[in-house]
Amino acid sequence: MNTLKYIEENKDRFLNELFELLRQPSISANPKYKEDVLRTANIVKDNLEKIGIEKAQLYETKGYPIVYGEKIISNDLPTVLIYGHYDVQPPDPLDLWDSEPFNPEIRDGKIYARGACDDKGQFFMHVKAAEIMIATNTLPCNIKFMIEGEEEVGSENLEEFVINNKSLLSADVILISDTGIIANDTPSITTGLRGLSYVEVEVTGPNRDLHSGLYGGAVANPINILCKMIASLHDENKKITIPGFYDAVEELSEEERALMAKAPFSLEKYQEELQINDVYGEKSFSTMERNSIRPTLDVNGIWGGYIEEGAKTVIASKAYAKISMRLVPNQKSDEITKLFEKHFEAIAPKSVKVKITPHHGGEAYVSPTNDKGYIAASKAMEETFGKKPIPIRTGGSIPIVALFEKELGLKSILMGFGLDSDAIHSPNEHYGLFNFFKGIETIPLFFKHFSE
Ligand code: BES
Ligand code: MN
Ligand code: MN
């Protein structure tokens, strides 16, 4: 029986099984959901067992467990290691959802739920593709699964697991579906991810909140100061002003940039989709370059002072912000964090105190387009989409991918099937049925070509 026929005959069950996963609020960021995250790990394990994956088990960590399983056919055959994550982002703000985030619903041919695309819907394609290959006796090589529960909070405990389990994880390639394609009629393979440095800053002025009339004008207002400091982190060309920030940045050759510019992109559609009248970013770079091969600095949240109903006249004692820096190849996350700290302290006026707390980070990643893994993915997608996929670099981060390369010596093939418009991390996250089933159809072909 071929893959398409198997999908056709089992597609309702595939969706029901995915829906059970999507009903679990496996929010790794919030300890309130601990039981739900753990239950989700067990459901993933059960799903692996059910399709004939052996040694399916949870590996405990200091945080959430890693679900592992394997099907080894022969030590003479290559091994594909599948990575994915069963945790999801918090669904907030809840009132912007048109349906419940953890009550999956199909509308317009799309599955709506938190995690539908990132990453439950995507890693589950691999589970179903494995089911098909095992059931139809067409699994051409060994397969291993490593599905973690802390990707959305920085994969901190996966690092130790990887370092301590190198032989368990020995493989020839890592295959990941946690990224996207350009469009449903324009397949692409991700060949680069950005790195990340993330800090939280606290600016303290006076020791207590003050009357803004009695003290205003005479004492530093930490919110005003924080805004000014943040504003100064970009210059008039939208370049980041932190000394040394660009020192290690990999500059692409004119040839590479020209190749990138060939990927289909409509500025008009982009603006229309986001309802903006203009784009914004670093001088001398295109929108596509700004969101993939260039580093960034963005405030992700900022707060302080009085934000309830009505007006309160107050100068707050403290102001806060969460700041992310997306990094490109050769920039080191730890070094960039240090440069930020040094600079942010240096630009603070004497009238305030600054405290900086670094969060999780990770390095950027690039993969070649001429190795066995990329070629297998390219052939597989070409067969199912009827078009050769375009290699693209994305602006997102999967910090653990660079670590896989460092610790396991393995390249990761980022063969994702999501769309930028799937609203991952946003309200109304969704994943197209087309994309879900196209993924299940494509994955066995990757295995076939990789084993050839
Ligand atoms: N799957 C995403 C990353 C992604 C999405 C890459 C789409 C390319 C295209 C992943 O789950 C994610 O959200 N990563 C975080 C980093 C993490 C440390 C929280 C990110 O990029 O913000
Ligand atoms: Mn993801
Ligand atoms: Mn994510």
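Me: Which exposed residues are on the face of helix 9 turned away from its buried side?

Reply: Exposed means over 50% relative accessible area, buried means under 20%, and partly exposed is in between, using a 1.4 Å probe and protein chains only. On that outward face of helix 9 you'll find Asp334, Lys338, Lys342 and Ala346. Keep in mind that this is a predicted model, where local features need pLDDT of at least 70 and side-chain atom pairs count only at pLDDT 80 or more, while totals for chains, interfaces and linings use all residues. For the bookkeeping, residues are numbered from 1 along each chain as its sequence is written, chains are lettered from A and ligands numbered from 1 in the order in which they are written, and side-chain values use heavy atoms, with hydrogens and water left out.

Me: And what about the other face: which residues of helix 9 are buried?

Reply: Ser333, Ile336, Thr337, Phe340, His343 and Phe344 are. They end up on the same side of helix 9 because they cover an arc of only 135 degrees around the axis (the arc is taken from the directions from the helix axis to the C-beta atoms). Parts that cover them include strand 9 (195-204), helix 5 (222-231), strand 13 (318-327) and strand 14 (353-358). Helices (H or I, at least four residues) and strands (E, at least two) are DSSP runs, numbered from the N terminus.

Me: How do I read the metal site: which residues are the protein donors of the manganese ion (ligand 2)?

Reply: Donors are N, O and S atoms within 2.8 Å of the metal (3.2 Å for Na, K and Ca); water is not among the atoms, so sites may look incomplete. Here they come from His85 (NE2), Asp118 (OD) and Asp178, which gives two OD atoms, at 2.0 to 2.4 Å from the ion. Along the chain, the spacing is H-x32-D-x59-D. That links distant parts of the chain: His85 is in strand 3 (residues 79-85), while Asp178 is in the loop between strand 7 (173-176) and strand 8 (188-193), 93 residues apart. Both His85 and Asp178 are buried. Asp118 also bridges this ion to the manganese ion (ligand 3), with 3.6 Å between the two ions.

Me: What should I look for in a peptide bond or a phi angle?

Reply: Most residues other than glycine have a negative phi, and most peptide bonds are trans. This model has some exceptions to look up. The peptide bond from Asp118 to Asp119 is cis, with omega near 0 degrees, and Asp119 sits in the loop between strand 5 (110-112) and helix 3 (120-135). Another cis bond joins Asp92 and Pro93, with omega about -5 degrees; Pro93 is in the loop between strand 3 and strand 4 (105-107).

Me: Which loop holds Asp108, and which holds Gln275?

Reply: Asp108 is in the loop between strand 4 and strand 5. Its phi is positive, about 55 degrees, although Asp108 is not a glycine. Asp108 is exposed, with a relative accessible area of 70%. Gln275 lies in the loop between helix 7 (267-274) and helix 8 (287-290). Gln275 isn't a glycine either, and has a positive phi of about 50 degrees. Gln275 is exposed too, at 74% relative accessible area.

Me: How many residues of domain 1 are in contact with domain 2?

Reply: Contact means heavy atoms within 4.5 Å, and domain bounds come from an automatic or database domain assignment. In this chain, domain 1 is 3-193 + 365-451 and domain 2 is 195-257 + 293-362. 10 residues of domain 1 touch 11 residues of domain 2, and the C-alpha centres of the two domains lie 34 Å apart.
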